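Good morning, and thank you for the time. I should like to take the group through one model, with attention to sheets, packing and charged pairs.

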Amino acid sequence: MIPIAEFRVPYTRFLDAHGHLASPPPDFQPHDLLPVYRAMALTRAFDAKAVALQRTGQLRTYPSSLGQEAVTVGLASVMRAEDVLLPTYRETGAMLWRGVRMQELLLYWSGDERGSDFAGPREDFPIAVPIASQCGHAVGVGFAFQYRRQPRVAVVTLGDGATSKGDFYEAMNTAGAWRLPVVFVVTNNQWAISLPARKQTAAATFAQKAIAAGIPGEQCDGNDILAVRDCIGRALERARVGDGPSLIECVTYRLSDHTTADDARRYRAQDEVSAAWALEPLARLRHFLVDQKLWSKQDEETLLADNQAAVSAAAADYLATPPQALSTLFDYLYAELPADLAAQRQQLLTERGQA
Amino acid sequence: MNTLTLLDAINAALAWELAHDDNVVLFGEDIGKNGGVFRATLGLQERFGEQRVLDAPLAETQIAGMAIGMAAQGLRPVCEIQFAGFMYSTFDHLINHAARLRHRTRGRLSCPMVLRTPVGGGIHAPEHHGESPEAWLAHTPGLKVVSPSSPARAYGLLLAAIRDPDPVIFLEPTRLYRLLKEPVADNGEALPLGAAFTLREGCDVTLVSWGASVLETLQAAEQLAEQGVSAEVIDVASLKPLDMPTILASVAKTGRCVIVHEAARQCGVGAEIAANLASEGLMSLLAPVERVTGFDTPLPLARLEDEYLPSVARILAAVERVRAY
């Protein structure tokens, strides 16, 4: 018996858990990480604020990205502005990096559609709530780029649980067959609500799911910002020059509950969470920056204060946002409102004394 | 003016839009080289190239999902699902995404896609090849749902569907694909979406139908005319939005209404029309509204299929009942 085909799944890590850099990635400039670090810290501050708002009845169900900041900020930080992001619901860091405002995210999570009408980036998709469906959309976006010969890339994010769905495989398969500029980023945070990754699949990695679709699949330490940026950066470059799609699995850990409506203590041991805290990405990057003399205690204190002020200001803005007009129930459903809907709209406004 | 079958008319409309709008892209299973299993896209890949008419991998969910991404980017994707029975796996995309993309982004993104699929029984095809899914779709806010019943309407409505800024599901009655021919001016002129077509004027009873059942409905009207009964025949054509004013105006004139559709009765579009007649046209009605429909059973396999479909005899019996009331 001879092998008919052989595959390998590369793994990338540069920074160890203590922030020590064994060997740097090519063209590495430590300075480049300062804005990334700031954005990761802002994401964490925002998450904490959002959870606090929810706990005090000022926000609806919210999914924190605590512990996943290197993935979410990292992937966005290597994209170009003209690329398109198709995010799942735990990509606060990526959305903020790309220009979505904190007030807009809070509006969305308060149950207000205007939160998805962000001032920028206008072509990015709104948050996808149904699992893995965004993968199919990304392939269509990638097709449009290829069709118009634009050097742009569609970046779609999904969780470890989403890799069990057919949508994910169908999308990778088509993107591969048509060599489309799409990067699939799997954030393996170990838990799909209550189902641990080891019960999600018999596959040793999620990255290897790319092999069946005939596209490159790589795994990286998702708590190492250098590894995330390197792997996704290379995947973006391949896509941009016409070498087709890739799958990047970023291994991280969801330190928070699934959402504010969840209680993770029901299904996972506190020991496991404590151990995961020792690997979290923000402290790891901070240690590295301090070692490099690029960051000081004073810098950290200033950043924390600035971030606190920024999220508080955003929350105040959000809370002061006037409610949507009742008519918006109808106004955006079609480009032109059909007559039967216009009648329903009129009836509602009349009943509510707003006609 | 060429005399075209409904299938020819669809092919002509697709060709017109491909030729006149670079954003139009066709894709689906076997639609390129093979021209589609019914040949609706025959010759289009040869004429417009593989970048515009694509054979998609065999994955219906993905076909619908991809159309949404393309449409959000400003293309005008026209995808084909080979048979309506295979479209149910697209519903996640149609309902959760296509139908609400404009709404949930407050107009920032939109979804000008068309999903075409053959619908209906009567051709004695294998299992799952004869479904009538219009009610599932018409129930979904944000979609438009159209089903033509003649070559000329297929041509004009498909042009309108492709040009529409919102997602349109275009249901092609398989049974009519090659059954009828009529002159069609291939001039790029669209027909309006959201408008019913009065195919025959009459004053004694209103017959309302769509898709392939329009054929038997017209045959019934012809036989009624021979008996001296004047039936008005309306092809609803657009299941969403529904043109109730045309139906109400007709029933105001005739006082009697029989609704004919192939899909199962319960929660079918006929129920919506009957409910509207009850609430908006009650004073016009001289008899209860009758529905002649498929039964609330799965569409049978080929041997019993014809027993399921609304027949001329069943339509005539219903007309007899409303006239005798």
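Let me begin in chain B, with helix H10, residues 269-280, which lies across strand S10 (205-209), S13 and S14 of that chain. Its axis runs at about 155° to S13(B). Please keep in mind throughout that this is a predicted model.

A second helix of chain B, H12, spans residues 312-324 and lies across S10, S13 and S14 as well. Here the angle is given against S14(B), and it is about 165°.

What do these helices lie across? Strands S10, S13 and S14 of chain B belong to an open sheet of five strands, ordered S9-S11-S10-S13-S14, with mixed pairing. The edges are taken by S9 (197-200) and S14 (290-294), each of which has a single partner strand, so one side of each is left without a neighbour in the sheet. On average, neighbouring strands of this sheet are turned by 25° against each other, direction ignored.

Within the sheet, S13(B), residues 257-264, pairs with S14(B) in the parallel sense over five bridges. To fix the register in your view, look for B:Ile259, which stands opposite B:Arg291 in S14(B).

Returning to helix H12 of chain B, I would single out B:Arg323, which is found there. Is this residue buried or exposed, or in between? The relative accessible area of B:Arg323 is 38%, which makes it partly exposed. Setting aside residues up to four places away in sequence, B:Arg323 touches B:Val229 and B:Arg256. B:Arg323 also lies 10.0 Å from B:Pro288, C-alpha to C-alpha, with their positions 35 residues apart in sequence.

Let us now turn to chain A. Six strands form an open sheet there, in the order S1-S7-S8-S4-S3-S2, and the pairing is parallel. At its edges stand S1 (11-12) and S2 (84-86), each with a single partner strand, so each has one side without a neighbour in the sheet.

Strand S8 of chain A, residues 246-251, deserves a closer look. How many of its six residues are buried? The count is five, so the strand is largely enclosed by the rest of the structure. On one pairing, six bridges join S8(A) in parallel to S4(A), residues 182-188, and A:Val183 has A:Ser246 as its bridge partner. On another, five bridges join S8(A) to S7(A), residues 217-221, also running parallel. In that pairing A:Gly217 stands opposite A:Leu247. The chain passes from S7(A) to S8(A) through helix H9, residues 225-240, and this β-α-β crossover is right-handed.

Strand S4(A) also pairs with S3(A), residues 154-159, in the parallel sense over six bridges, with A:Leu158 opposite A:Val186. Helix H2 of chain A, residues 69-77, lies across S2, S3, S4 and S8, at about 165° to S4(A).

My last topic is charge. Side chains of opposite charge can pair when their charged atoms come close. Over all chains, the count comes to 32 salt bridges.

One of them joins A:Asp124 and A:Arg98, at 2.7 Å from N to O. A:Asp124 sits in the loop between H4 (102-109) and H5 (133-147) of chain A, while A:Arg98 sits in the loop between H3 (92-97) and H4, 26 residues apart. At 4% relative accessibility A:Asp124 is buried, and A:Arg98 at 12% is buried too.

A further salt bridge connects A:Asp221 with A:Arg284, whose closest N and O atoms are 2.9 Å apart. A:Asp221 is in strand S7 of chain A and A:Arg284 in helix H11 (residues 281-291), so to speak linking distant parts of the chain, 63 residues apart. A:Asp221 and A:Arg284 are buried.

In chain B, the side chains of B:Glu172 and B:Arg116 meet at 2.6 Å, N to O, in a salt bridge. B:Glu172 lies in S7(B), residues 168-173, and B:Arg116 in S5(B), residues 114-119, so the pair ties together parts that are 56 residues apart in sequence. Both residues, B:Glu172 and B:Arg116, are buried.

Finally, which residues are joined into one network by salt bridges that share partners? They are A:Glu218, A:Asp230, A:Arg234 and A:Arg238. Thank you for your attention.

Technical notes
Residues are numbered from 1 along each chain as its sequence is written. Chains are lettered from A and ligands numbered from 1 in the order in which they are written. This is a predicted model: local features need pLDDT of at least 70, side-chain atom pairs count only at pLDDT 80 or more; totals for chains, interfaces and linings use all residues. Side-chain values use heavy atoms; hydrogens and water are left out. Two strands pair if DSSP finds at least two bridges between them. Helices (H or I, at least four residues) and strands (E, at least two) are DSSP runs, numbered from the N terminus. Axes are lines fitted to C-alpha atoms, for helices over the stretch in contact, and angles run from 0 to 180 degrees between N-to-C directions. Contact means heavy atoms within 4.5 Å. Buried means under 20% relative accessible area, exposed over 50%, partly exposed in between (1.4 Å probe, protein chains only). A crossover is right-handed if, with the strands pointing away from the viewer, the path from the first strand over the helix to the second runs clockwise. A salt bridge is a side-chain nitrogen of Lys or Arg within 4 Å of a carboxyl oxygen of Asp or Glu.
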